[in-house]
Amino acid sequence: MSENNAGNYNFNDIEKKWQSFWESNKTFKTPDTTDKPKYYILDMFPYPSGDGLHVGHPEGYTASDIVSRYKRMQGFNVLHPMGYDAFGLPAEQYAVQHGIHPAITTEKNISNIRKQIKSLGFSYDWDREINTTQPEYYRWTQWIFLKLYNSFYDAEQKKARPIEELEIPADLSDDDRTKFIENHRLAYESNTPVNWCPALGTVLANEEVIGGVSERGGHPVVRKPMRQWMLRITSYADRLIDGLEDLDWAYGIKKLQLDWIGKSIGAEVDFKVYNDPAKTVEVLDTTIEKTEHTIKVFTTRPDTLFGATYMVLAPEHPLVDEILDDQQRFPVEMYKHEASLKSDLDRTDLAKDKTGVDTGAFAINPVNGQKIPIWISDYVLISYGTGAIMAVPSHDSRDFEFAKQFNLPINAVVSPTDKWLEEQVQKKNFDQDYLTKNKLENITEDAAGIRQVYNNHPGIFNDAFCGLGTAINSDKFDGMATEDFKVAIIAELEKDKVGEKAVNYKLRDWLFSRQRYWGEPFPIIHHEDGKVEAIDEKDLPVLLPETENFKPSTTGESPLANVPEWLYFEKDGKKVRRETNTMPQWAGSCWYYLRYIDALNNQAPFDKAKENYWMPVDLYIGGAEHAVLHLLYARFWHKVLFDLGIVSTDEPFQKLVNQGMILGLSYKDPRGVLVANDLMEKKGDKFFHKETGEELVEFTAKMSKSLKNVVNPDDIIRDFGSDTMRLYEMFMGPLEANKPWNMNGLEGVHRFLQKAWRMIVNAETGKLNDAVVDAEDCAELLRLRHKTIKKLTHDIETFGFNTAISQLMIFTNEFGKAKQRSKAAMEDFVLMLAPLAPHIAEELWAILGHDDTLSYVPWPKYDEALTVDPEIEIVVQINGKVRDKFMMDAGSDDKIIEETAMATEKIKTQLEGKTIRKVIVIKNRLVNIVAN
């Protein structure tokens, strides 16, 4: 696409020239000391995949680069760094399959991605580049882990403190003292049920398991308890919630975090297990059998306790084996095995059929003394609440479905609202099998009659009533509103010492270990007597050993267990063993934004004065797929560091912007089966399968190798230039929206750049166009110039890059037609174009007679008075229909506008014989007359 004539827009040469200039002159090197205000712009850094970038990846980087360049021109000292989140499973799996060390493939991939990123002209300070796999980086990741390990959370002060300050009871034995300390550390060991993938040889997060198999490779995954390192993120649940309030993040992202933390207020209630008829105990004036076992449940609806007709334990609950009836042992064991093959996400899928097994044991409902059966089911998770629930099928949808599936009692204890009952009747949402079974086929459908039937038979409908209402069938609490009943029943439970008010969270402590080689080693050693000891900070980093064996060990430990010369060493005359688990990929990304501040510091993770200057991050741009885990984990680490006085802010990222996805064109056959793009052929306006001849449906989907719909940015840059690619990605639509890639749109943007070039450059000579002169523009063009500066300023500040580009196109169309255009206007245009298309802007700036880069030239200013047209068109409506238009001085008084509208001949004629009821004036736009 690039032409070679002297005056043409030779983008290949121009882009190479300016990229070389920026690199050799370190144009974007960021000083740490300056009188300028700071602005820290951060990209979510990439994982260096062997496939490199596709055109979707640079979208967020382009947006951040536009803002970076704009802010420099606004007089800010801008920190805009780049690095690589380079540890992780893909590199290790490649090493296992091909026998190539992960460090080799990682460095090769980084080199390719660095080249691709530089080819797009992003204004990064490359002196601050980081790579999470480099020892000089992960030394400080290990250092932060030690800070977590050597700290505890003070619940009274609501902050982390050094473990040395923990108040330890004086009467503890040495062993109990050690256990007490370990139980308070923010980093601790635990035997925890995890998603274990034997084929991958590692633990997987819930999000990495789909349908019982690993997302990567489709290998079987089982649930099994394993020794893991955990981080006590749950201690920070409330602070993670409260901290969201003042952050400039989208509501949807905040809600995702709130839902993930899942704070709920209710009650913990004790249910005694019925298994010893020889002993009794009083519970709410009811004599029941005493037991050695108690099942504790958490519920947000203690007002429904009288409706609990059975209990459900998670299959992994430790009491299952204790209370199990011998006749049920075999089916229970079989079910537990089946449940171990499912991820938590699969188990809690609302659409799945409910399954479960009766344990044969019973519990006693503490509010009415009723004996209720205890089941196990996989829809109850050991990781949430207490791993046990009281089931109230009349007022919980999952319990309702389970009760109907297994024919368990359903007792109403909340009388529904009239609205809900009416909706059920209108939808005819009756359960016909239930009606027949209970001989209720001829029930009346009037509201009062239905309520009476429902109160006695809440299974008549296909849905449970889960809302708030009035208590029924609840003894002395009948007639109470739900919220009042909650307060009263909790007080009753506390009085009788069978329950108490409680707060619960969905958030679980962070499982912080992986059975991998390619990750940060833990700075931990194990003694033969079981003692755990932290490596001294001066001995960091604990380096990964060189090895050619990347396969998991036979014990389920990481490949590090296969390197005995690294694994064992002597300390103080005793043989010790290193920790074989490695940290998850999240570790490096939890704090990388801090390392950018002082990337070459060998004495500390960063200089405190520099951190105090740069933090918090002013703008963070990345994909919404990281809205929960990465952001939550990074916020947690940051709050710990803040508590310990290591950082100066409580939150790391002040403003967050999520870009949408760029989608590729994809195809599917009549059965909905996806077809790779290389198997599609186009005939006219239709698409067909090359091999079967079936007609295909075109649609947009996420770019992927399997669909072969990936567009390589290298090809686009070669054929159209990086400025075209940058502009097109921003022109496709709002930054946060998902957008389909379209070559026609790309070509249109390229034509705009060619037109902008010819507006300033003589197409024959390559020198300044003769139409560009040192003279004033006409009044109309002068107003357009100031309007454009105002709009570009607003649109870049608000990330409206697509409308900013549209305005530049309008500018080019109008000025391009003018026989004479001022050099000052052309300079302002080039400065406005510079953040969006920096290479062509630099070249045009040079052609306009400037000797140095425009990167720090001040952003153009506009005169507000010149952004307003002297006359504007006013539309006149009668009863909402346009009846006339007239010109008026901009900013005219509303009364004058109204009087002028009423005086036009068309309006006077239209209003004859009508009574004017109301006149509405919208300033500078319209007059609407309401008349009849």
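Leaving aside neighbours within four places in sequence, which residues is asparagine 928 in contact with? In this predicted model, the partners are Gln877, Ile878, Asn879 and Gly880, together with Lys918, Val919 and Ile920. Asparagine 928 itself belongs to strand 41, which covers residues 926-931. Its relative accessible area is 15%, so asparagine 928 falls under the 20% limit and counts as buried. One of the residues in contact, glycine 880, also takes part through its backbone: the nitrogen of glycine 880 lies 3.2 Å from a polar atom of the asparagine 928 side chain.

Strand pairing comes next, with strand 11 as the point of reference. Strand 11 (residues 222-231) pairs with strand 7 (residues 187-197) in the antiparallel sense, and 10 bridges connect the two. Within this pairing, threonine 192 is found opposite methionine 226 of strand 11. Strand 11 is also joined to strand 23 (residues 510-511), again in an antiparallel arrangement, here by 2 bridges. Leucine 511 of strand 23 has methionine 230 standing opposite.

Leucine 511 appears once more in a side-chain contact. The backbone oxygen of leucine 511 is reached at 3.5 Å by the side chain of arginine 514. Arginine 514 sits in the loop that runs between strand 23 and strand 24 (524-527). With a relative accessible area of 5%, arginine 514 is under the 20% limit and is therefore classed as buried.

Turning to charged side chains, how many salt bridges does a search of the whole structure find? The search returns 56, and three of these pairs can be followed through the accessibility of their partners. Glutamate 165 and arginine 161 meet through their side chains with an N to O separation of 3.0 Å. Glutamate 165, at a relative accessible area of 39%, is partly exposed, whereas arginine 161 is buried at 17%.

Aspartate 669 and arginine 671 form another salt bridge, and their closest N and O atoms are 2.9 Å apart. Here the acidic partner is the buried one: aspartate 669 has a relative accessible area of 7%. Arginine 671, by contrast, reaches 59% and is exposed, because this value is over the 50% limit.

The pair of aspartate 795 and lysine 791 has its closest N and O atoms 3.0 Å apart. Why are these two residues separated by about one helical turn? Both lie in helix 25 (residues 779-797), and they are 4 residues apart there, which means a separation of about one turn. Aspartate 795 is buried, with 3% relative accessibility, while lysine 791 is partly exposed at 29%. Elsewhere, salt bridges with shared partners bring Arg239, Arg635, Lys639, Asp643, Asp650 and Glu651 together in one network.

Finally, the interior was examined for enclosed space. Rolling a probe the size of a water molecule over the atoms reveals where space is left empty. The count comes to 2 cavities of 30 Å³ or more. Of the cavities, the largest has a volume of about 40 Å³. Its lining is made up of Leu89, Glu92, Gln93, Val96, Leu200, Gly201, Gln515, Arg516, Phe550, Pro552 and Pro559.

Technical notes:
Residues are numbered from 1 along each chain as its sequence is written. This is a predicted model: local features need pLDDT of at least 70, side-chain atom pairs count only at pLDDT 80 or more; totals for chains, interfaces and linings use all residues. Side-chain values use heavy atoms; hydrogens and water are left out. Buried means under 20% relative accessible area, exposed over 50%, partly exposed in between (1.4 Å probe, protein chains only). A polar contact is a pair of N or O atoms within 3.5 Å; within protein, one must be able to donate a hydrogen and the other to accept it, and residues adjacent in sequence count only if both atoms are side-chain atoms. Contact means heavy atoms within 4.5 Å. Two strands pair if DSSP finds at least two bridges between them. A salt bridge is a side-chain nitrogen of Lys or Arg within 4 Å of a carboxyl oxygen of Asp or Glu. On a 1 Å grid over the protein atoms alone, a cavity is a set of points where a 1.4 Å probe fits but cannot get out, and a pocket is an open set with protein on both sides within 12 Å along at least five of seven lines; lining residues have an atom within 4 Å of a point. Grid points are joined across faces, edges and corners, and a volume is the space filled by probe spheres set on the points.
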